[in-house]
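Here is a friendly walk through one structure, best read with the 3D view open beside the text.

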Amino acid sequence: MKLGIVSAIFDQSNFEEMIDIVAENGLDCVEVACWPVEKATRRYAGVSHIDVTNLNEQTAQKITDYAASKNVEISALAYYPNPLDEDLQKRQAAIDHLYRLIDAADLMGIHLVTTFIGRMQTKSLSENLTEMVRVWKPILKYAEEKNVRIAIENCPMLFTEDEWPGGQNLMTTPAIWREVFKRLDSPMLGLNYDPSHFVWQQIDYIAPLYEFKDKLFHVHYKDIKLYAEKLKDVGVMATPLNYMSPKLPGLGDVNWASYVSALTDIGFDGYSCIEIEDKAFEKNYEDVKKSVTLSTKYLRNFVL
């Protein structure tokens with residue numbers, strides 16, 4: 001199993017500087033943020049370490065050669081928008097950029113894109129499933145032609161009132177995964193598995209690893225801390241940031257020994273990346289870099 005990091009945390013570094021930091025920490029790989037080159041619309045979005053819009057064969061070779069020179073592999077090209085946005089102009093922009101990522105992954109020989117499946121946040125689950133099929137079948141057909149896999153992260157994208165009531169990503173529970181994989185029966189569609197999102201939903205984050213082992217294309221290490229006293233006060237119907245917060249691995253409620261043990265049980269030997277979204281380590285950019293070192297040192301107890 002290869003241990004890496006999600007590059008979105010390095011928003012003040014260009015591609016080469018980001019790769020240098022990854023290499024200095026002894027990490028094996030990096031999931032590279034590839035948002036459109038524009039102003040970020042939310043925290044951790046808008047980071048573009050590879051501009052896929054203007055990518056050509058020469059630039060792609062230069063990028064992969066630099067990473068290889070530092071013994072760092074690119075695990076996936078990452079872009080997490082809402083491809084089912086109810087604003088059709090925003091939806092189309094997201095879909096168009098996803099196609100660019102698929103082309104770039106093919107050009108670079110990476111063959112994996114990490115993203116969200118999206119959600120119409122004011123519509124029902126059944127309405128979303130129907131619309132999902134209409135939107136995603138052409139995308140997956142194109143991905144199949146390019147031999148590029150799509151790994152969907154299980155983040156509900158429901159944290160504040162901005163995403164209320166349904167969130168902006170459909171792939172949130174094992175029950176929904178079963179339905180999605182039934183309706184979108186493609187070998188190119190799988191999971192970017194993050195246990196932290198199950199913690200605050202009060203879902204078992206170990207058992208699904210066994211059931212969906214053949215759909216695990218990529219794995220995240222992000223932690224979540226639940227604040228029991230806050231939860232007692234606001235209840236589960238509150239927006240989640242009222243009772244939880246993302247933390248560095250080891251500082252939240254995920255049992256990482258059990259998690260990695262399950263990954264070894266199922267024989268997962270792919271890419272696994274640390275995702276850092278801990279505000280306690282964002283006082284300055286040096287603090288961000290320290291958080292990478294701390295997270296790496298902790299997870300090397302489990303992932304060698």
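The report below covers a helix pair, a group of aromatic rings and a few single residues.

**Two helices side by side**

Please keep in mind that this is a predicted model. A good place to start is the N-terminal part, with helix 1 (residues 15-24) and helix 2 (residues 57-69), whose axes come within 10 Å and cross at roughly 20°. Angles under 35 degrees count as roughly parallel, so helix 1 is roughly parallel to helix 2. Their crossing is right-handed. On the helix 1 side, the contact is made by Phe15, Glu16, Ile19 and Asp20, while helix 2 brings Ile63, Tyr66 and Ala67. Sorted by character, the residues of this contact comprise 5 nonpolar and 2 charged ones, with no polar residue.

**Aromatic rings**

Searching the whole structure for aromatic pairs gives 14 of them. One of these is formed by Trp177 and Tyr193, with an edge-to-face arrangement: the centres are 5.8 Å apart and the planes make an angle of 70°. Planes over 60 degrees apart count as edge-to-face, which is why the value of 70° earns the pair that label. Trp177 sits in helix 5 (residues 174-183) and Tyr193 in strand 6 (residues 189-193), so the pair links parts of the chain that are 16 residues apart. Both rings also belong to a cluster held together by ring pairs, whose other members are Phe181, Phe198, Phe212, Tyr221, Trp256 and Tyr259.

**How accessible are the chosen residues?**

The table sets out four residues with their relative accessibility.

| Residue | Relative accessibility | Class |
|---|---|---|
| Trp177 | 0% | buried |
| Tyr193 | 0% | buried |
| Leu107 | 39% | partly exposed |
| Ser291 | 1% | buried |

Buried means under 20% relative accessible area, so Ser291 at 1% falls in that class.

**Leu107 and Ser291**

Leu107 belongs to helix 3 (residues 88-108). Which residues does Leu107 touch, not counting those up to four places away in sequence? They are Leu55, Asn56, Glu57 and Ala60. Of these, Glu57 and Ala60 fall within the residue range of helix 2 (residues 57-69). Between the C-alpha atoms of Leu107 and Gly26, which are 81 residues apart along the chain, the separation is 27 Å.

Ser291, for its part, is found in helix 10 (residues 285-299). Setting aside neighbours within four places in sequence, Ser291 is in contact with Leu248, Ile276 and Phe281.

Technical notes
Residues numbered from 1 in each chain as written. Predicted model: local features only at pLDDT ≥ 70, side-chain atom pairs only at ≥ 80, totals over all residues. Heavy atoms only, no water. Axes fitted to C-alpha atoms, helices over the stretch in contact; angles between N-to-C directions. Helix = DSSP H or I, 4+ residues; strand = E, 2+ residues; numbered from the N terminus. Parallel < 35°, antiparallel > 145°, perpendicular 65-115°, else oblique. Left-handed = near helix turned anticlockwise from the far one by under 90°. Contact = heavy atoms within 4.5 Å. Nonpolar A, V, L, I, M, F, W, Y, C, P; charged D, E, K, R; others polar. Phe/Tyr/Trp six-rings, centres within 6.5 Å; stacked < 30°, edge-to-face > 60°. Buried < 20%, exposed > 50% of the residue type's maximum accessible area, 1.4 Å probe, protein only.
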